[in-house]
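Please read this report with the sequence and the three-dimensional view side by side. It takes up strand pairing, charged pairs, one helix, the nonpolar interior and unusual backbone angles in turn.

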Amino acid sequence: MAPLIELRDVVKEFPVGSGLFAGKSVVHAVSGVSLSIDRGETFALVGESGCGKSTLGRLMLNLIPATAGEVEFDGTVISKISPDKMGGIRKKMQIIFQDPYASLNPRMNIKSIVSEPLITHKVCSGKNDLEERVKNLLLKVGIRPQFMNRYPHQFSGGQRQRIGIARALALNPEFIVCDEPVSALDVSIQSQILNLLSDLQSDFNLTYLFISHDLSVVENISNRVCIMFLGKICEMGSTKDVYGNPKHPYTRFLLEAVPKPDPTIRKEKQVLQGEMPSPVKPPSGCRFHTRCPYRIDVCDKTEPSLIEKDGRQVACHIDL
């Protein structure tokens, strides 16, 4: 079966400054990324802030144009089609944002927020149908329908995120980008939202791109994991393989940073040396080499290719 999403050598660069202050420098947000996401899977994209993971998620939704490369969704290269043709495809893809309060209009009640995409795309036969759909969506995410005339500030952070999820489900999409959907929530609420997303995936046959900076969050929800650093893929493979035997130094550092629930486990952690390189002027060769304790001479000069190693793809000159 063909993948639902496929990226081929996708590049995204943002100019530095604007107007009279615009220069020749650019931010290299995404640099030649190729990957695919299968139908029904949860594909996790993990990396530090500024690595390009959220930009990549928006490229998959065609919310921002790619500088180069192709984004294909369900057999259609969406990175090269007109806005008019994109309208029909837009219903099949949605996004859940990081901040559940900022993503909800404070002047609209919950009924209006959830019904907005249904009204925009004219999918309901009348007011009764619209209200019934909103009630069913709220029930699906664990919000009582009798609360739908309330406003976002009257709900907790976890409840607001549930409302955002209901809005994302309104048009019965196939693909949802979950952009750090639990990072703004208390730890006690995070597992509830993750369990909800898993249940909804089964009920609605959804495909997820799950973006996070925390490997501990995605371990139990994802089928595959892709580790990014400064716009490039470091390692990509099944969650079991990547967590069980990481092959890239950066993946190892991220996994070592995950808190261990057993206090008797005491392992000396390595600390990343140096500062994060600038995306405006990324290092030559391997972009991670300025912080990597395993680097060798070739790392400074030659960019490693993403090659097959022990059942996953790794971009590294050394064999860990």
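The sections below describe a predicted model, beginning with its strands.

## Strands β1, β4 and β5

Strand β1, which covers residues 5-15, pairs with strand β4, residues 68-73, in the antiparallel sense, and five bridges connect the two. Within this pairing, Ile5 stands opposite Phe73 of β4. Strand β4 is also joined to strand β5, residues 76-77, through two bridges, and these two strands likewise run antiparallel; here Glu72 is the residue that stands opposite Val77 in β5.

The connection between β4 and β5 is a hairpin in which two residues lie between the strands, and Asp74, in the turn, has a positive phi of about 50°. As background for reading such strands, side chains in a regular strand alternate between the two faces of the sheet.

## Salt bridges

A search of the whole structure finds 18 salt bridges. One of them brings together the side chains of Arg8 and Glu6, with a distance of 3.5 Å from N to O. Arg8 has a relative accessibility of 28% and therefore counts as partly exposed, and Glu6, at 27%, also counts as partly exposed. Both residues belong to a network of salt bridges that links Glu6, Arg8, Glu70, Glu72 and Lys80, so that Glu72, already mentioned as standing opposite Val77, appears in this network as well.

Two further pairs connect parts of the chain that are distant in sequence. The side chains of Arg224 and Glu41 meet in a salt bridge of 2.6 Å, N to O. Because Arg224 lies in strand β9 (residues 224-229) and Glu41 in the loop between β2 (26-37) and β3 (42-46), this pair ties together parts that are 183 residues apart in sequence. Glu41 is buried, its relative accessible area being 7%. The side chains of Lys53 and Glu180 form the other salt bridge, at 3.9 Å from N to O, and this pair links helix α1 (residues 53-60), which contains Lys53, to the loop between β7 (175-179) and α6 (187-204), which contains Glu180, across 127 residues. Lys53 is buried, with a relative accessible area of 4%, and Glu180, at 9% relative accessibility, counts as buried too.

## Helix α4

Helix α4 spans residues 127-140, has 14 residues, and reaches 20 Å from its first C-alpha to its last, which is close to the 20 Å expected at 1.5 Å a residue. Its buried residues are Leu130, Val134, Leu137 and Leu138. These cover an arc of only 100° around the axis, and they are therefore on the same side of α4. The general geometry helps in reading this arrangement, because an α-helix has 3.6 residues a turn and residues three or four places apart point the same way.

What covers the buried residues of α4 includes helices α3 (110-120) and α5 (157-169). The face of α4 that is turned away from the buried side carries the exposed residues Asn128 and Leu139. Just after the helix, Gly142 takes a positive phi of about 85°.

## Nonpolar cores

The largest nonpolar core has 54 residues, and those with the most contacts inside it are Ile165, Leu215 and Val218. When residues up to four places away in sequence are not counted, Val218 touches Ala44, Val46, Phe210, Ser212 and Tyr243. A second, separate core of 32 residues includes Leu4, Leu35, Cys226 and Met236.

## Positive phi outside glycine

Which positive phi values occur in loop residues other than glycine, such as Asn62 and Leu230? Asn62 has a positive phi of about 60° although it is not a glycine, and this residue lies in the loop between α1 and β4. With a relative accessibility of 17%, which falls under the 20% limit, Asn62 counts as buried.

Leu230, also a residue other than glycine, has a positive phi near 50°. Leu230 lies in the loop between β9 and β10 (232-238), and this residue is buried, with a relative accessible area of 4%.

Terms used: Residues are numbered from 1 along each chain as its sequence is written. This is a predicted model: local features need pLDDT of at least 70, side-chain atom pairs count only at pLDDT 80 or more; totals for chains, interfaces and linings use all residues. Side-chain values use heavy atoms; hydrogens and water are left out. Two strands pair if DSSP finds at least two bridges between them. Helices (H or I, at least four residues) and strands (E, at least two) are DSSP runs, numbered from the N terminus. A salt bridge is a side-chain nitrogen of Lys or Arg within 4 Å of a carboxyl oxygen of Asp or Glu. Buried means under 20% relative accessible area, exposed over 50%, partly exposed in between (1.4 Å probe, protein chains only). The expected span of a helix is 1.5 Å times one less than its number of residues. The arc is that of the directions from the helix axis to the C-beta atoms. Contact means heavy atoms within 4.5 Å. A nonpolar core is a set of buried Ala, Val, Leu, Ile, Met, Phe, Trp, Tyr and Cys residues joined through side-chain atoms within 4.5 Å.
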